Amino acid sequence: MTPLSVVIITFNEDKNIANCLESVKGVADEIVVVDSFSTDQTKSICGCYPVRFIEHAFEGHIEQKNFALTQATHPHVLSLDADECLSQELQQSILSVKQNWQQDGYYLNRLSNFCGSWIHHSGWYPDRKMRLFNKNKGQWGGTNPHDKFELATRATEGRITGDLLHYTARSEQEYRKKMEGYATIAAAEMYGQHKSAGSLIVYLKVIASFFRNYFFRFGFLDGRMGLKVCSINAGYTFQKYNKLRNLNKTNPI
């Protein structure tokens with residue numbers, strides 16, 4: 001059976017980390033937690049599990065996840081965020097892959113929970129992620145904070161069944177705060193790439209975001225929570241581009 005390293009990045013995740021660790025115990029041959037110097041109980045909770053706990057300064061989601069890969073003993077890796085855990089079906093799928101590993105990377109679906117409700121539409125599901133892979137066949141890329149694992153040219157890929165359960169936020173306030181932080185990171189990334197956006201473009205992008213997720217991606221089928229998710233995500237789009245406009249005004253390149 002192919003040995004598997006589970007790598008998890010954390011920062012102040014004492015509400016989620018135990019659930020994450022419990023879900024991977026049956027599939028992991030090694031668990032590596034890379035923590036950005038949490039100030040809550042994350043470290044002490046990890047101490048109750050067979051975890052190799054490493055503290056490393058956070059320089060970005062992509063950078064932190066690539067660093068975490070270097071700490072994995074085994075080439076085959078399952079990469080998770082602390083607010084994610086494996087469904088029972090996904091656990092069984094991973095065990096099956098370990099018995100007969102055929103691809104360089106495997107996609108899986110992520111199902112997100114918002115304020116206690118599972119969101120099955122709204123552009124949130126199926127949220128395909130590559131999280132199970134041979135670390136020697138690719139690396140984390142994308143644009144912060146929206147990282148993604150990118151396989152090398154000619155690497156092979158497959159899909160497995162079962163959901164990665166993502167506990168997005170326990171409250172609307174928590175989610176809005178998270179999205180504001182992501183908007184700040186995204187704006188800084190775009191600013192560094194010399195991007196700009198006029199006010200008309202910003203509003204058109206906000207409107208397009210809401211209509212795409214609520215109507216074309218059937219967010220209305222998620223009921224009241226779907227409306228909230230689509231509205232907040234449209235607000236994130238506005239914040240991201242508005243912050244970018246402010247950066248370009250105050251610090252023109």
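How many bridges join strand E6 to strand E11, and which way do the two strands run? Nine bridges join E6 to E11, residues 157-169, and the pair runs parallel. The model in which this pairing is found is a predicted one. Before returning to E6, it helps to look at the chain as a whole and then at its beginning.

The chain contains seven helices and 11 strands. Along the principal axes, its C-alpha atoms fill a box of roughly 55 × 45 × 40 Å. A compact globule of 253 residues would have a radius of gyration near 18 Å, and the value of 19 Å for this chain agrees with that. Buried residues account for 48% of the 253 residues. Among the contacts with a separation of 6 or more, 74% are between residues 24 or more positions apart.

The surface can be described in a similar way. About 12600 Å² of the chain is exposed, and carbon and sulfur atoms supply 51% of that area. The chain carries 29 positive and 25 negative side chains, and the centres of these two sets lie 7 Å apart.

Now to the start of the chain. Thr2 belongs to the segment that comes before strand E1, which covers residues 5-10. Thr2 has a relative accessible area of 17%, and because buried means under 20%, Thr2 counts as buried. Apart from neighbours within four places in sequence, Thr2 is in contact with Asp29, His76, Lys98 and Trp101.

Strand E1 follows. Six of its six residues are buried. In a regular strand, side chains alternate between the two faces of the sheet. In E1, one side has Ser5, Val7 and Ile9 and the other has Val6, Ile8 and Thr10, and both faces are covered. E1 is joined by six bridges to strand E2, residues 30-35, and these two strands run parallel.

Val7 serves as an example from this strand. Val7 lies in E1 and stands opposite Val32 in E2. Its relative accessibility is 2%, so Val7 is counted as buried. What surrounds Val7, leaving aside its neighbours within four places in sequence? Val7 is in contact with Val32, Ala68, Leu69, Ala72, Val77, Leu78, Ser79 and Leu80. Val24 is 17 residues away from Val7 along the chain, and the C-alpha atoms of the two are separated by 10 Å.

Strand E6, residues 105-114, can be read in the same manner. E6 is mostly covered, with 10 of its 10 residues buried. Gly105, Tyr107, Asn109, Leu111 and Asn113 point one way, while Tyr106, Leu108, Arg110, Ser112 and Phe114 point the other way.

The pairings of E6 can be taken one by one. In the parallel pairing with E11, Arg110 has Leu164 as its bridge partner. With strand E8, residues 127-134, E6 shares six bridges, and these strands run antiparallel. Here the bridge partner of Asn109 is Arg128. Three bridges join E6 to strand E7, residues 117-119, and this pair is also antiparallel. Phe114 of E6 is opposite Ser117 in E7.

What do E6 and E7 form together? They form a hairpin, with two residues between the strands. Cys115 is in the turn and has a positive phi of about 55 degrees.

Notes
Residues numbered from 1 in each chain as written. Predicted model: local features only at pLDDT ≥ 70, side-chain atom pairs only at ≥ 80, totals over all residues. Heavy atoms only, no water. Helix = DSSP H or I, 4+ residues; strand = E, 2+ residues; numbered from the N terminus. Buried < 20%, exposed > 50% of the residue type's maximum accessible area, 1.4 Å probe, protein only. Contact = heavy atoms within 4.5 Å. Rg over C-alpha atoms; globule rule 2.2 N^0.38 Å. Areas by Shrake-Rupley, 256 points an atom, 1.4 Å probe, with all protein chains shown as cover. Lys, Arg positive; Asp, Glu negative; His and termini not counted. Charge placed at Lys NZ, Arg CZ, Asp CG, Glu CD. Pairing = 2+ DSSP bridges.
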